[in-house]
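Hi,

Here is the structure I said I would pass on. Have a look at it first, and my notes follow underneath.

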Amino acid sequence: MVTLGTASAAPGEIDTGRLEVGEARDGSAVGLPVAVVNGVDDGRTLYIQAASDGDELNGVGVIRRVLPRLDPAELSGTILVCGIVNYHAFQVAEHRNPIDDTKMNRAYPGDHSGTSSERIAAATFDAAISADLVLDLHQGSTSRMIDEVRVRCGSRHRLHSDCLELAKVFGCGHILDQKGPDGQLARAAPDEGVPTIDPELGGCVGWDESSIQRGVDGVFNVLTYYDFLDGRHDPRPQTRATGFEQYGSPVGGLVDLQVDLGDRVSRGETLFEVTDVFGRTKAEITADSNGIFWRARRLPQVATGEYVCSVGTNIDTY
Ligand SMILES: [Zn+2]
């Protein structure tokens, strides 16, 4: 029997339930929606979670499409799923948990007697480190972003090559291989010996069909490569960035991007212009380095210093 919260499945069974993480302000129980898919044959355990950031729905879209396709009678090993991590943020379609104004992916490994976010992080961290592999499905929030997979443990970590292999197997096409900030699941779980990646499935408001499909393909690539399912997956070379440069606007006004997501950019090439409301150019911002145009704000209006775009740098093929 494998159990996650109230979901409990014997070999060959699938079950769904709730992982309790305290109570809401009205005293009702807060339970994250969880599933256990227990394969009829022995194998590894994979943990997948989505909506760690409450406005990042593409991962929920992936899980919603993957689960109906899983047959425990054809599965070796176990899949544990938490479909919505940031319960309170999801309810109000926001990025951060409104109970404590915290970003969930800065709260790992969490604290069972801590803040709202720390308690949710602790409950899901227990599930994550009970597994052999972890997929923490994210996206570039509501900005526009390429589909990519982040390896966050850092190149000196003992699990770096395992995490990088998992990222290559997932196979979005691009990898950002750069040590992340404290509190990320993709940093905390490798410290406990569990290879973990952070697939970043585009960026949108609501759903993005092509990014969801990339995520579904990625999950099945992982299930096939790591022998949960019969078949064969040969990972393809991925374009990797190990640097990441962010650009803000030096002036207030309206942004015109000069390059498209995924484009190669050269040092000195214009990334964007800012005009005033009458169309007069106020600033023209060029790339500091060669790289790939990775992410951009969605709305054109900016204040001085406000985020505009990001370029992945130090590009190679892995
Ligand atoms: Zn996120």
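Before anything else: this is a predicted model, so please read what follows with that in mind.

I started with the metal site. Asp53 is a buried residue, with just 1% relative accessible area. The zinc ion takes its protein donors from Asp53 (OD), Glu56 (OE), Glu56 (OE) again and His138 (ND1), at 1.9 to 2.5 Å. Along the chain, these donors are spaced as D-x2-E-x81-H. Asp53 sits in the loop between strand S5 (41–50) and helix H1 (58–66), while His138 is in the loop between strand S7 (133–137) and strand S8 (144–145), so this pair ties together parts of the chain 85 residues apart in sequence. His138 is buried as well, at 3% relative accessibility.

If you plan to look at the site's geometry, note that the angles among the 4 donor atoms run from 54 to 148°. A tetrahedral label would need all angles between 85 and 135 degrees, and the site of the zinc ion is classed as irregular. One caveat here is that water is not among the atoms, so sites may look incomplete.

Next, the charged pairs. The structure has 11 salt bridges, and I'll go through a few of them.

Arg240 is the residue I'd click on here. Its side chain meets that of Asp177 in a salt bridge, 2.9 Å from N to O. This pair links distant parts of the chain: Arg240 belongs to strand S12 (residues 239–248) and Asp177 to strand S10 (residues 174–177), 63 residues apart. Both Arg240 and Asp177 are buried, with Arg240 at a relative accessible area of 13%.

Arg240 also forms a salt bridge with Asp316, again with 2.9 Å from N to O. That one connects strand S12 to strand S19 (residues 307–317), where Asp316 lies, and the two residues are 76 apart in sequence. Asp316 is partly exposed, with a relative accessible area of 30%.

Another bridge to look at is the one between the side chains of Asp276 and Arg280, also listed at 2.9 Å, N to O. Asp276 is buried at 18% relative accessible area, whereas Arg280 is exposed at 52%. As for how bridges connect up, those that share partners join Asp177, Arg240 and Asp316 into one network.

That's what I have for now.

Cheers

How values were computed:
Residues are numbered from 1 along each chain as its sequence is written. This is a predicted model: local features need pLDDT of at least 70, side-chain atom pairs count only at pLDDT 80 or more; totals for chains, interfaces and linings use all residues. Side-chain values use heavy atoms; hydrogens and water are left out. Donors are N, O and S atoms within 2.8 Å of the metal (3.2 Å for Na, K and Ca); water is not among the atoms, so sites may look incomplete. Four donors count as tetrahedral if all angles lie between 85 and 135 degrees; four count as square planar and six as octahedral if opposite donors are over 155 degrees apart and all others between 65 and 115; anything else is irregular. Helices (H or I, at least four residues) and strands (E, at least two) are DSSP runs, numbered from the N terminus. Buried means under 20% relative accessible area, exposed over 50%, partly exposed in between (1.4 Å probe, protein chains only). A salt bridge is a side-chain nitrogen of Lys or Arg within 4 Å of a carboxyl oxygen of Asp or Glu.
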